[in-house]
Structure formats: structure tokens, C-alpha cells
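Open the model in your viewer and keep the selection tool ready. Each stop on this tour tells you what to pick and what to look for.

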Amino acid sequence: MSDKELMMNAHKAYDNSYAPYSNYRVGAALLCEDGTIFTGCNIENASYGATNCAERTAMFKAVSEGHRDFVKIAVEAHDGSTAFPCGICLQVMNEFMPQGTVVLEKQSEIVCYKLSELLPHGFTL
Ligand code: THU
């Protein structure tokens, strides 16, 4: 699966975003080692702290379905802005894809970062 194809899955995923508070819709598409793809969207809540980002929705869907080996995750925001994952999502990525890649969009171009570039000192036990 190419980065572009993965990004197209992220693009589709934000259609289901529930973001009435920020109006910032985000989609994510996660590629697992065996080729399975899980998508996710952000899901907001009136109690803002209960909001779940698109990335974590996709990763938690995967883990809950028995997938733990992630290769890369694509993230796209509805407005074309570059949706760098938040710190909490980076820490969750660190758990399941420490060698993985984050695929983003910058001015309509695909840009890739190693997770270790975005989170050089992730917490581990
Ligand atoms: N959000 C994501 O889903 N992923 C990101 O990478 C950054 C932020 C969501 C959370 C919230 O619903 C909205 O974007 C505004 O912060």
C-alpha cells in the first residue's frame, strides 16, 4: 500500500468525524504489519477532555481487534492543514510502532516522519 493510498483512506475516514466543538475534522489510516488497515476519526465530547483523536481511534480499533504490529499511520485534516499528531497520540504510537512512520500532508504533498523524529524520548517502562 503506497503512502498516497493510505492517505486516501485517512481522507475518507474524516467523513465520520464528530467535531461539533472545534469543527476540525481529522481522519487517520493505520497500516498493520500483515497489511490490514484500520481507519479512525476524531470524536469530540461536550466534556472536552473526553475527546479522542483520529489516530488513537484507529490504533485502539486495531488493538481491540488483535493487531499490535503497526507500520505506519497517515493523518489528514479536512482543511488541508498539516495534522501533526498530539503528544498523547505520539506516546500511543510509541507503544505499538516505535520504528514506525507518520505520513502527513503538507501543501497537498505527502511528507513522512519517523516516529522517533516526532517523539525522540518517548516514555517506556
Ligand atoms: N485532533 C486529532 O484528531 N488528531 C490530531 O492530530 C490533532 C488533533 C483532533 C482533536 C480535536 O477533536 C480536534 O482535532 C481539535 O483539537
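Start by selecting residues 26-32, which are strand β1, together with strand β3. The two strands pair in the antiparallel sense, over seven bridges. Keep in mind as you look that this is a predicted model.

**Stop 1: rungs between β1 and β3**

Pick L31 and find its bridge partner in β3, K72. Then pick G27. Which residue of β3 is the bridge partner of G27? The partner is E76.

**Stop 2: β1 itself**

Now show β1 alone. Is this strand mostly covered or mostly open? It is mostly covered, and seven of its seven residues are buried. In a regular strand the side chains alternate between the two faces of the sheet. Check each side in turn. Colour V26, A28, L30 and C32 for one side of β1. Give G27, A29 and L31 another colour for the other side. Every one of these residues is buried, so both faces of β1 are covered.

**Stop 3: the hairpin**

Add residues 37-41, strand β2. β1 and β2 are also antiparallel, with five bridges between them. Select A29 and look across to β2: T39 stands opposite. Next, follow the chain from β1 to β2. Four residues lie between the two strands of this hairpin. Stop at G35 in the turn, where phi is positive, at about 95 degrees.

**Stop 4: β3 and its other partner**

Go back to β3, residues 70-77. Seven of its eight residues are buried, so the strand is largely enclosed by the rest of the structure. Add strand β4, residues 101-106. β3 and β4 run parallel and are joined by three bridges. To see one of these links, select I73 and its bridge partner in β4, V102. How does the chain get from β3 to β4? It passes through helix α3, residues 87-96. Trace this β-α-β crossover in your viewer: it is right-handed.

While β4 is on screen, select L104, which belongs to this strand. L104 has 0% relative accessibility and counts as buried. Now add C53. L104 and C53 are 51 residues apart in sequence, and their C-alpha atoms are 15 Å apart in space.

**Stop 5: an aromatic pair**

The structure holds three aromatic pairs. For one of them, show the side chains of F70 and F96. Their rings are tilted, with 45 degrees between the planes and 5.5 Å from centre to centre. F70 lies in β3 and F96 in α3, so the pair ties together parts that are 26 residues apart in sequence. Are the two residues buried or exposed? F70 is buried, at 6% relative accessible area. F96 is partly exposed, at 22%. The cut-off for buried is under 20%.

**Stop 6: the ligand**

Finish at the ligand. Select the residues that surround it, among them S22, Y24, V26, N42, T51, C53, F84 and P85. V26 was also part of the β1 stop, on one of its two sides.

Now zoom in on the ligand's oxygen atoms. A polar side-chain atom of E44 lies 2.5 Å from a ligand oxygen. E55 also brings a polar side-chain atom to a ligand oxygen, at 2.6 Å. A54 uses its backbone instead: an N or O atom there lies 2.9 Å from an oxygen of the ligand. How much of the ligand does the protein cover? On its own, the ligand has 370 Å² of accessible area, and the protein covers 78% of this.

Note on methods. Residues numbered from 1 in each chain as written. Predicted model: local features only at pLDDT ≥ 70, side-chain atom pairs only at ≥ 80, totals over all residues. Heavy atoms only, no water. Buried < 20%, exposed > 50% of the residue type's maximum accessible area, 1.4 Å probe, protein only. Pairing = 2+ DSSP bridges. Right-handed = clockwise from strand over helix to strand, strands pointing away. Near = heavy atom within 4 Å. Polar contact = N/O pair within 3.5 Å; in protein donor to acceptor, adjacent residues only side chain to side chain. Areas by Shrake-Rupley, 256 points an atom, 1.4 Å probe, with all protein chains shown as cover. Phe/Tyr/Trp six-rings, centres within 6.5 Å; stacked < 30°, edge-to-face > 60°.
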